[in-house]
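Okay, thanks for coming, everyone. Let me put the model up and then walk you through a few spots in it.

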Amino acid sequence: PASGFYTFLVRSDEDGTNVGPLVSGAPVLEVRDDATSPTTIFTISGASYTAGTAGSELLVTSNTQISLNAVDSIVNGVASGIKQLNFKVDGGQFAVSQSSSFTLFEGSHTIEFQSMDNAGNLETMQSQEVKVDAAAPLSTINIGDPKVVFTSQTVVGRASLISFNAEDIVTNGVTSRVKSIEYSIDSSTYAHFTTAFTLNAGPHVVSYWSLDNVGNMETAKSA
């Protein structure tokens, strides 16, 4: 039968051949039938980024918390409750719990999981691909001509264009790609770099750093 409450009125005689009519006060047997499998909910807490077709590629950092929580929903008034949650990472051994929260090291990972309720209903095995990017991007400064490079400084003309490049290098098969390059001139507030610029006459310090799409931030550099 479908999930729900079922009530049985019990009657019998001694030899089982002459069952009498139901009478007031006859014993009642209530049966709760749970025929619905539980569901495991996959959630993340912390930095993440989705890419690919319809967000099919999930990228996170090595600090992002991944959580699995099993839920046995009430269907037709019945739920037997969660007995256990089974999960494994990258084809390893199944771990058994009722919920789990963990982080992953850099690289591509496959998480498989399913839960079972106290009535023995087993969820269909689920899986989630996760890519962990733990490396910050790398940026460089480009100084156009005219310029003269000395050991401790570079002298430029007022028409010399200053720009930046950044690359989020593939590490352990993963990159979340560059999100932005930020720069500051003479300790001013950092600004988002969009186009090349020139400098006014006088000594200057240009600081810069880059950021990828999961929030890994490069250590600031200066020139």
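I'll start with the overall picture, then go through salt bridges, a buried aspartate, some backbone oddities and the pocket.

Some housekeeping. This is a predicted model, so local features need pLDDT of at least 70 and side-chain atom pairs count only at pLDDT 80 or more, while totals for chains, interfaces and linings use all residues. Residues are numbered from 1 along each chain as its sequence is written, and side-chain values use heavy atoms, with hydrogens and water left out.

So, the overall picture. The protein has 0 helices and 19 strands; helices (H or I, at least four residues) and strands (E, at least two) are DSSP runs, numbered from the N terminus. Of its 223 residues, 32% are buried. By buried I mean under 20% relative accessible area, with exposed over 50% and partly exposed in between, using a 1.4 Å probe and protein chains only. If you take contacts between residues at least 6 apart in sequence, 56% of them join residues at least 24 apart; a contact is heavy atoms within 4.5 Å.

Next, salt bridges. How many salt bridges does a search of the whole structure find? The search finds 4, where a salt bridge is a side-chain nitrogen of Lys or Arg within 4 Å of a carboxyl oxygen of Asp or Glu. One of them joins lysine 131 and glutamate 57, at 2.9 Å, N to O. Lysine 131 sits in strand S11 and glutamate 57 in strand S5 (residues 57-60), so this pair ties together parts that are 74 residues apart in sequence. Lysine 131 is partly exposed, at 28% relative accessible area. There's a network here too: salt bridges link Glu57, Lys131 and Arg177.

Stay on S5 for a moment, since leucine 58 is in that strand. Leucine 58 is buried, at 11% relative accessibility. Its C-alpha is 8.6 Å from that of valine 132, though the two are 74 residues apart in sequence. Not counting residues up to four places away in sequence, leucine 58 touches a set of residues including Phe42, Ile44, Tyr49, Gln128, Val130 and Lys131.

Another salt bridge pairs glutamate 218 with lysine 221, the closest N and O atoms being 2.9 Å apart. Glutamate 218 is buried at 6% relative accessibility, whereas lysine 221 is partly exposed at 29%.

Now for the buried aspartate. Where is aspartate 133? It's in the loop between strand S11 (126-132) and strand S12 (138-143). Aspartate 133 is buried yet has no salt bridge, and the nearest side chain of opposite charge, arginine 177, is 8.4 Å away. For charge, Lys and Arg count as positive and Asp and Glu as negative, with His and the chain ends not counted. What aspartate 133 does have is a side-chain polar contact with serine 176, at 2.8 Å. A polar contact is a pair of N or O atoms within 3.5 Å; within protein, one must be able to donate a hydrogen and the other to accept it, and residues adjacent in sequence count only if both atoms are side-chain atoms. Leaving aside neighbours within four places in sequence, the contacts of aspartate 133 include Glu106, Asp168 and Asp212.

On to the backbone. Arginine 177, in the loop between strand S15 (162-167) and strand S16 (178-185), has a positive phi, near 75 degrees, and isn't a glycine. Serine 187 also has a positive phi, near 65 degrees; serine 187 is in the loop between S16 and strand S17 (191-192), and is exposed at 74% relative accessible area.

There's a cis peptide bond as well, joining aspartate 145 and proline 146, with omega about 0 degrees. Proline 146 is in the loop between S12 and strand S13 (147-149). Right there, aspartate 145 makes a salt bridge with lysine 147 (3.1 Å, N to O). Aspartate 145 is exposed at 61% relative accessibility, and lysine 147 is partly exposed at 35%.

Last stop, the pocket. Which residues lie nearest the centre of the largest pocket? They are Thr154, Val155, Val156, Leu199 and His204, out of 18 lining residues. S14 gives the largest share of that lining, 3 residues.

That's my tour; questions welcome.

How values were computed:
On a 1 Å grid over the protein atoms alone, a cavity is a set of points where a 1.4 Å probe fits but cannot get out, and a pocket is an open set with protein on both sides within 12 Å along at least five of seven lines; lining residues have an atom within 4 Å of a point.
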